[in-house]
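Please examine the following structure from the standpoint of its fold, its strand pairing and its pockets.

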Amino acid sequence: MSVRMRYVKEHLHGRIRMKSVLLWVFQIAAAIVLGAVFSIFFCKNVEMTEGSMEPTIAIGDTVLVNTLAYRFGSPDRDDILVFKSNDSANASLHVKRVIGLPGEKIQISDGQIMINGVTYMEKKDLPSISYAGLAETEITLKDDEYFVLGDNRNNSADSRYADIGNVTRSNIVGKVWFRISPYTKLGFLR
């Protein structure tokens, strides 16, 4: 092989290697940008600072919140959602489970949740409710209101209390969908 052909071959090999490195760098950069866009626009992480959702979510657990979930749909019963306690920009965030939907009548009687006069059979094994609070008498939810409870039913400030009350659609931040820490409990939430 002549010196010239060896030079051309090495030069082409170097160009191919450079293209492959540039393609690899581009793919990594694209993945980072897409991850950042996804994180900024679709996710918010929230650390639990209260035990109101135990045993489902414990104090110190960090969860991801889908902030777009309810822009294209509405909360369903049993969704775990994050909401602001009021309309203020610096209002505290709370994590609770949706029990009552807009237009429904909610009451807590003898430790059981009544929805439109029918006992609600929960999918999880949660304790009987010892304090009915505002739901001792029937509550009719408005078209933009949700009744929420913590899974730790007897140790949760939720819609039964006047300082929380029914959650309006405008105060909902998003739907909790994934636990990111502690790593031993990493996974989807229901």
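The questions and answers below treat the overall make-up, several strands, two loop residues and two pockets.

Q: On what basis are the residues numbered and the values taken?
A: This is a predicted model, in which local features need pLDDT of at least 70 and side-chain atom pairs count only at pLDDT 80 or more, whereas totals for chains, interfaces and linings use all residues. Side-chain values use heavy atoms, with hydrogens and water left out, and residues are numbered from 1 along each chain as its sequence is written.

Q: How many helices and strands are there in the chain?
A: Helices (H or I, at least four residues) and strands (E, at least two) are DSSP runs, numbered from the N terminus. From the N terminus on, the order of elements is α-β-β-β-β-β-β-β-β-β-β-β-β. The chain thus contains one helix and 12 strands.

Q: What percentage of the residues of the chain count as buried?
A: Buried means under 20% relative accessible area, exposed over 50%, and partly exposed in between, with a 1.4 Å probe and protein chains only. The chain has 190 residues, and the share that counts as buried is 39%.

Q: What share of the contacts in the chain with a separation of 6 or more comes from residues 24 or more positions apart?
A: A contact requires heavy atoms within 4.5 Å. Among contacts with a separation of 6 or more, residues 24 or more positions apart account for 62%.

Q: Why is strand β9 described as largely enclosed by the rest of the structure?
A: In a regular strand the side chains alternate between the two faces of the sheet. On one side of β9, E145, F147 and L149 are buried, and on the other side Y146 and V148 are buried. Strand β9 (residues 145-149) is largely enclosed because the number of its five residues that are buried is five.

Q: Which residue of β9 is the bridge partner of V98?
A: Two strands pair if DSSP finds at least two bridges between them. Strand β4 (residues 93-100) and β9 run antiparallel and are joined by three bridges. Within β9, the bridge partner of V98 is V148.

Q: Which residue of β10 stands opposite Y146?
A: Strand β10 (residues 167-168) pairs with β9 in the antiparallel sense over two bridges. In β10, the residue opposite Y146 is V167.

Q: Which residue of β11 is the bridge partner of N66?
A: β1 and β2 run antiparallel and are joined by five bridges, with C43 opposite N66 in β2. Five bridges also join β2 to β11, again antiparallel. Four of the five residues of β2 are buried, so β2 is largely enclosed by the rest of the structure. In β11, the bridge partner of N66 is K175.

Q: Which strands stand at the edges of the open sheet of four strands?
A: The order in this sheet is β7-β6-β5-β8, with antiparallel pairing. Each edge strand has a single partner strand, so one side of each is left without a neighbour in the sheet; these strands are β7 (118-119) and β8 (139-140).

Q: Is S156 buried or exposed?
A: S156 lies in the loop between β9 and β10. A polar atom of its side chain is 3.3 Å from the backbone nitrogen of G150. Leaving aside neighbours within four places in sequence, S156 is in contact with S52, K96, G150 and Y161. At a relative accessible area of 5%, S156 is buried.

Q: Is I59 buried or exposed?
A: I59 is placed in the loop between β1 (43-47) and β2 (62-66). Not counting residues up to four places away in sequence, I59 touches M48, T49, E50, G51 and E54. With 52% relative accessibility, I59 is exposed.

Q: How many charged residues are in the lining of the largest pocket?
A: On a 1 Å grid over the protein atoms alone, a cavity is a set of points where a 1.4 Å probe fits but cannot get out, and a pocket is an open set with protein on both sides within 12 Å along at least five of seven lines; lining residues have an atom within 4 Å of a point. The largest pocket is lined by 15 residues, of which D78, D79, R97, L189 and R190 lie nearest its centre. Ala, Val, Leu, Ile, Met, Phe, Trp, Tyr, Cys and Pro count as nonpolar, Asp, Glu, Lys and Arg as charged, and the others, Gly among them, as polar. The lining has six nonpolar residues, no polar ones, and a number of charged residues equal to nine.

Q: What is the volume of the second largest pocket?
A: A volume is the space filled by probe spheres set on the grid points, which are joined across faces, edges and corners. For the largest pocket this space is about 280 Å³. For the second largest pocket the volume is about 160 Å³.

Notes: A polar contact is a pair of N or O atoms within 3.5 Å; within protein, one must be able to donate a hydrogen and the other to accept it, and residues adjacent in sequence count only if both atoms are side-chain atoms.
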